[in-house]
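Dear colleague,

Please find below the structure that I am handing over to you. A short account of what was found in it follows.

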Amino acid sequence: MIESKLPHMGTTIFTRMSALADECNALNLSQGFPDFDAPQALLESMARHVMAGHNQYAPMAGVMRLREQLAAQLALHRHIDSDPATEITVVPGATAGIFCAVMACVRPGDEVIVFDPCYDSYQPAVELAGGRAVHVPLTPGSFALDRDRLEAALSKRTRLIMINSPHNPTGSTLTKEDLLYLEELVDRRKLLVLSDEVYEHLVFDNGIHHSALQFPGLRARSFVLFSFGKTFSVTGWKTGYCVAPEALTMEMRKVHQFVSFVAVTPVQLAVADFLQAEPDYPATLAGFYQHKRDLFCAALGNSRFKLTPSSGTYFQLLDYSAISQDPDTELCEQWTRQHGIASIPISIFYEQPPHQHFLRFCFAKSDQVLTAAAERLCEI
Ligand code: PMP
Ligand code: GLN
């Protein structure tokens with residue numbers, strides 16, 4: 001009937017593991033979403049705007065009052081100048097923003113560098129644009145950028161490099177030196193960058209998030225993606241934004257206006273109100289999530305798992321090599337059924353998984369759920 005354009009793609013691991021967790025009534029630490037609500041003021045503002053009749057199309061690039069608040073946020077938290085009119089676009093989720101940015105710049109035959117383990121939406125976007133994803137593994141163990149492997153993967157056809165820091169699924173972060181290196185590289189090779197920074201505020205142990213927007217050479221060549229789902233604990237509101245120089249923004253918007261045309265209106269108004277009233281709220285997230293990471297890791301002190309505390313995101317990798325040598329894809333399913341605890345296997349985010357034994361656990365959960373999850377894991 002139809003020749004698939006994504007022949008190797010099934011249903012995502014996040015969808016499958018959340019469904020299995022529901023079916024087994026397991027604690028769901030698989031798909032990344034909080035089990036607690038957004039700040040009350042944000043919820044109330046959303047309800048108010050819906051009831052006040054703000055339910056028709058927003059402007060294509062986003063509600064201007066929100067874009068102004070987002071520019072103010074970039075200035076406040078990162079000392080970045082941005083023009084809300086020409087450089088900021090509100091999109092219906094970072095996933096859609098990534099898709100639009102890739103569609104805007106990748107042509108048939110182009111190569112796109114992605115780092116493995118690689119977030120699942122990148123390669124399909126590249127392939128649907130007619131490009132080819134070239135996978136560069138992060139250094140096993142530390143999950144740091146491997147410059148030699150990156151340089152070796154570049155070719156005359158390389159068009160775009162996709163980076164993600166803090167990194168899903170490993171929790172690693174790019175250093176300032178990494179970004180300085182990338183800045184030099186993309187200038188030397190005249191490449192574009194897509195920087196996925198949806199976990200920008202979730203960096204721990206007094207670490208600093210380095211945004212591609214803070215490095216002039218990257219700023220000039222990058223689409224940078226953010227998500228309100230992560231920052232305000234509203235993954236179901238599917239709204240985020242893309243910051244890029246005017247010329248890149250213009251091309252991205254040409255795609256955006258025919259993928260979705262706009263993002264959801266009352267969400268934009270509610271976030272604008274909230275950021276205006278509480279501009280410092282995002283800075284509270286690191287402490288909040290670090291507490292959860294520490295609680296979860298400490299409660300696993302007597303388990304057989306090996307772990308290095310995550311330096312960013314709301315994900316913690318656990319090394320189960322002392323317990324089993326089974327593939328992570330089998331084990332995560334088995335433990336969901338037998339032990340009532342769901343996680344995500346990380347091998348599926350690789351083109352060629354190395355010999356390692358990690359499962360990813362989301363710690364954006366109530367302290368009670370984290371404690372109960374750790375108890376179950378200690379019994380394995
Ligand atoms: N990039 C990464 C690395 C993510 O983990 C996620 C989501 N969960 C997204 C993009 C997509 O964000 P959104 O839900 O806003 O589409
Ligand atoms: N980004 C979330 C995660 O990594 C899941 C989002 C999704 O299900 N697509 O778990």
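In which sense do strand 3 and strand 5 pair, and over how many bridges? Strand 3 (residues 111-116) pairs with strand 5 in the parallel sense, over four bridges. Please note that this is a predicted model.

Within that pairing, isoleucine 113 stands opposite isoleucine 161 of strand 5. Strand 5 also runs parallel to strand 6 (residues 192-196), to which five bridges join it. Asparagine 164 has aspartate 196 in strand 6 as its bridge partner. Strand 5 itself, residues 158-164, is mostly covered, with six of its seven residues buried.

A second group of strands forms an open, antiparallel sheet of three strands in the order 9-12-11. Strand 9 (315-319) and strand 11 (344-345) stand at its edges with a single partner strand each, so one side of each is left without a neighbour in the sheet. Between strand 9 and strand 12 (residues 358-362) there are five bridges in the antiparallel sense, and leucine 318 has leucine 359 of strand 12 as its bridge partner.

Turning to the helices, helix 2 (residues 40-51) packs against helix 11 (residues 265-277) at an angle of about 135°, and their axes are 8 Å apart. The two helices, helix 2 and helix 11, are therefore oblique to each other, and their crossing is right-handed. Residues making the contact include Leu42, Met46 and Val50 of helix 2 and Val267, Leu269 and Phe274 of helix 11. The contact residues divide into 10 nonpolar, two polar and two charged.

With kind regards

Terms used:
Residues numbered from 1 in each chain as written. Chains lettered and ligands numbered in written order. Predicted model: local features only at pLDDT ≥ 70, side-chain atom pairs only at ≥ 80, totals over all residues. Heavy atoms only, no water. Pairing = 2+ DSSP bridges. Axes fitted to C-alpha atoms, helices over the stretch in contact; angles between N-to-C directions. Parallel < 35°, antiparallel > 145°, perpendicular 65-115°, else oblique. Left-handed = near helix turned anticlockwise from the far one by under 90°. Contact = heavy atoms within 4.5 Å. Nonpolar A, V, L, I, M, F, W, Y, C, P; charged D, E, K, R; others polar. Buried < 20%, exposed > 50% of the residue type's maximum accessible area, 1.4 Å probe, protein only.
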